[in-house]
Structure formats: C-alpha cells, structure tokens
Amino acid sequence: MSDSARLTPDRNVPGLIVKFGNYPLHHGGVGAIRSLGRLGVPMYAITEDRLTPAAASRHLTRAFPWPTTGTEEPERLVDGLLRIGRSIGRPTVLIPTDEEAAVLIAEHQDELSGTGTGFGGFLFPRVEAELPRRLASKQGLHELCVEHGIASPTASFPESRADIARFAASARFPVVAKNREAFTRRARPAVNGTTRIETPRGLLELSRDWGERPGVILQEYLPREQAEDWIVHAYFGADSMPRAMFTGVKVRSWPPHAGMTANAYVVDNPELADLAARFIKQIGFTGVIDLDLRFDRRDGQYKLLDFNPRMGAQFRLFESESGVDVVRAMHLDLTGRAVPEGEQRAGHRYVVENIDLPALLAYRRSGYTTPHAPTRASGTELAWLAADDMKPFFTMLARFVRPGAKHLYQLWRTNRRGSGTTTK
C-alpha cells in the first residue's frame, strides 16, 4: 500500500483552485488538482479558458472558465466565487494560487464562509483579515521582519522621485527593485517583477516611468556568489502550530536568480524550520505558506525575501513519508481529519520541464553552484509530466511556444544588460 493510500480525506468535501489574473501555464494548480484528485477528492478550478493544462487534467471534475485580471472590484470577485460555490453545491475547500486570491479570501471571510451562500459556504483557514495583505506587501513584510527580529535585506521605500534621487546618490549597487503591493503589481506595475539594477544611472532612467509616487521597494542585493537560496513550505493550523513543515534548497530559477523555481531539492534544515515556525507563531498566521529566503554567507543569516500566504507553485517538491503535502494537510485539517506525521523525503528533486532547460544553460554560463544540493536525487517529481495524467503536459507544450520565445528573449536581454527580471 502506498503512503498516499493511507490518507483518509473527506471525499464529500471538494477543493477549488482559486486564481485571479492571466497565467494559464501554472504548474502549481495542476499539482494541487492531482494531489487531492488522486485521493478521490472532487476537484474544481477557475481557469482562463477551457484549454489550459489545469482544465485538461483527468483529475479535474470541472473547470470554471473565468477570465480575470486581478484588478476587478473585490465585490465582483466575491460574487463570482459565490456563484461557483452554488454551482458546486456543497462546502468546498478554497486553494488560492496567488496573493490576490489569498488576500481577497482573508478580507471577505464572513461573506465566503457564512450562512446564506446557498451551498454551505467555503472552507479555508481563518486568519486576521489584514495579515495576508500585509505579508504579501513588500513593505508590510519588511516591517514585520523588523518588528519580530527576522533578518531581511536592507530596504528603502521611496515616496517621490526626489527620494529615488537621494537613494541613487548614496546606495551601494547593484540593487533590486520590486513592486511594493500585491494588487498594485497587476493594476499599475512599476517593474515587470524582481529587477536587478546595476548603476545609479540605470535606476534614474528606469524610474522615469514610475510616476510621482513610485510603488516600489528598493532592496539590498545579496551577491549570489556569497549566498544560497532556500525555501520553506508549511501548513499551520488554527493554533499557528505546524501540521506539516518542509525545507529545501533552490538550485535554479527562471529568469535566472530571480524568478520562479525551476529546479530544487528537499534538504533537511532544522534551523530554518525553527525560524519559520517561530515567526509564524509570533504573527499568528494560519494556513499554507511559501517562503523564499537567501542564506548570506557574509554574516551567516537567513534573510527573508518573500512571504507568499498561499500555496507555492513548487509545493509538490515536498511530501512526507506518510504522503502529506501542504495542500493535503490543509484539506485534512479543515475537514476535521488528523494530519499524519512523517519525515520529509530528503534528497527528492523537483523539475519544471519548460523552464529548467533555459535556466540550466544560464546557470552554467554564470558558474553558480548550490553547495547544499545533493549530488544525486533520491527521486524526481516533474511539474507537468505524469504517467496517470498526460494531457496537461501536452497542453502546456501547445501553449508554451510563444511564452517560451519570450523567456529566451528575456535571457538575451539579461546577458546584454546585466540585469534580471521575473514575473513572480
């Protein structure tokens, strides 16, 4: 009997993938559909159209095509979720795949879970309503790190073009620019994603398009040759205690050194797990988390770069020996089932096929290595290709030609200009 066969989810409670914005090639959503679907849990998903990889999965009961931008009025998005809930017709676990969805759910908990919904309401971790928005905000996260003694890169939050000019005159370059707020990145993005800026002149030129009140954070750049990227995925129950906790090291990302995970390994790191657990307990968060940290060898500190208050796209890297991942842990906990304990599968590898090849070429040219990555994987999880669910892989290939060309163009620009961007 497999580890997953020993899990006993409530198969009367479906799961719904909630996503806002146009990103149809999302392997995290496909992973969640497979994870719970393989256990017999009915799975539903919001999709851009009926021809996305998620919609093609054999483990999906039904897709709800709903094109959104993430900039709609919250009331419209809540109404849309409730319509989908009534169509499903029974209490359903919500699984957000982006910050906008996680923030919307937290800020409209009563409407989404209360009586009068017509289907019994949605299930999701109850959390302080303002906390996910603050965690998804680069400025809010930095302030929480300072408040609770968590190391993070030095940061500046310019409120005017004059602030940027003063920063350019005194800062040590290169620096990193990021969009400051989760929803603003979709409505009025200042940068396409995490952007490395090499010189003061480069910053001043780029900032010309940011307006009088720049919605960016300017952050210290941690040199890659003196750092290593780590990730933490976990699920915390109502008492802010971990029901499932995983640590791993990122080997490659795309775009290089700044984007989403392309290749990673499960690596035991008790120090990092303890740091994450203490921080979550201090801020009182409940639910699934995806943390990005960079270990700075210069001072021996793990510095928190990003806190995603939702499932991460690469969550299927992590599964315990008892068959638990963070999505399964959340579904079990919210439906009153016990979450089986078990050690993480150290040495397991995760590969995102469509972006790892260009990432591999870029990293070989840069000479960057990951010291804590095992020399040989104990097993490999592919993001797209699965023997029991082949259609998402071929659907991804059919839709990847144009974005793939764009990724290669970004790499060419990165090599030419010496700066990196990501749409993370």
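**Chat about a predicted model**

Reader: Where is Glu 111 found?
Author: Glu 111 sits in helix α5, residues 109-113. Helices (H or I, at least four residues) and strands (E, at least two) are DSSP runs, numbered from the N terminus.

Reader: What kind of model is this?
Author: This is a predicted model: local features need pLDDT of at least 70, side-chain atom pairs count only at pLDDT 80 or more, and totals for chains, interfaces and linings use all residues. Residues are numbered from 1 along each chain as its sequence is written, and side-chain values use heavy atoms, with hydrogens and water left out.

Reader: Back to Glu 111. Buried or exposed?
Author: In between. Glu 111 counts as partly exposed because its relative accessibility is 39%. Buried means under 20% relative accessible area, exposed over 50%, and partly exposed lies in between (1.4 Å probe, protein chains only).

Reader: Which residues gather in a patch with Glu 111?
Author: Glu 73, Glu 75 and Asp 79 join Glu 111 in a patch of negative charge on the surface. Patches take residues with over 30% relative accessible area and no salt bridge; like charges are joined within 9 Å, and nonpolar side chains (Val, Leu, Ile, Met, Phe, Trp, Tyr) within 5 Å. A salt bridge is a side-chain nitrogen of Lys or Arg within 4 Å of a carboxyl oxygen of Asp or Glu. Lys and Arg count as positive, Asp and Glu as negative; His and the chain ends are not counted. Each charge is placed at NZ of Lys, CZ of Arg, CG of Asp or CD of Glu. Areas come from the Shrake-Rupley method with a 1.4 Å probe; for residues, only the protein chains shown count as cover.

Reader: New topic. Where are the cis peptide bonds?
Author: One joins Phe 173 and Pro 174, with omega about 5 degrees. Pro 174 is in the loop between α8 (161-170) and β7 (175-179). Another runs from Trp 254 to Pro 255, with omega near -5 degrees. Pro 255 lies in the loop between β11 (242-254) and β12 (260-266). Most peptide bonds are trans.

Reader: What is phi of Ser 240?
Author: Near 60 degrees, a positive value in a residue other than glycine. Ser 240 is in the hairpin of β10 and β11, which has five residues between the strands. Ser 240 counts as buried because its relative accessibility is 5%.

Reader: How many residues of β10 are buried?
Author: Ten of its ten. Both faces are covered: Asp 229 and His 233 are among the buried residues on one side, Trp 230 and Phe 236 among those on the other. In a regular strand the side chains alternate between the two faces of the sheet.

Reader: Which strands pair with β10?
Author: β13 (residues 287-296) does, antiparallel, over ten bridges. There, Glu 228 has Phe 295 as its bridge partner. β11 is also antiparallel to β10, with seven bridges; Trp 230 stands opposite Val 249. Two strands pair if DSSP finds at least two bridges between them.

Reader: And in what order do the strands of the open sheet run?
Author: β6-β9-β7-β8, four strands with antiparallel pairing. β6 (155-156) and β8 (195-197) stand at the edges with a single partner strand each, so one side of each has no neighbour in the sheet. Five bridges join β7 to β9 (residues 216-220), and Lys 178 stands opposite Ile 217.
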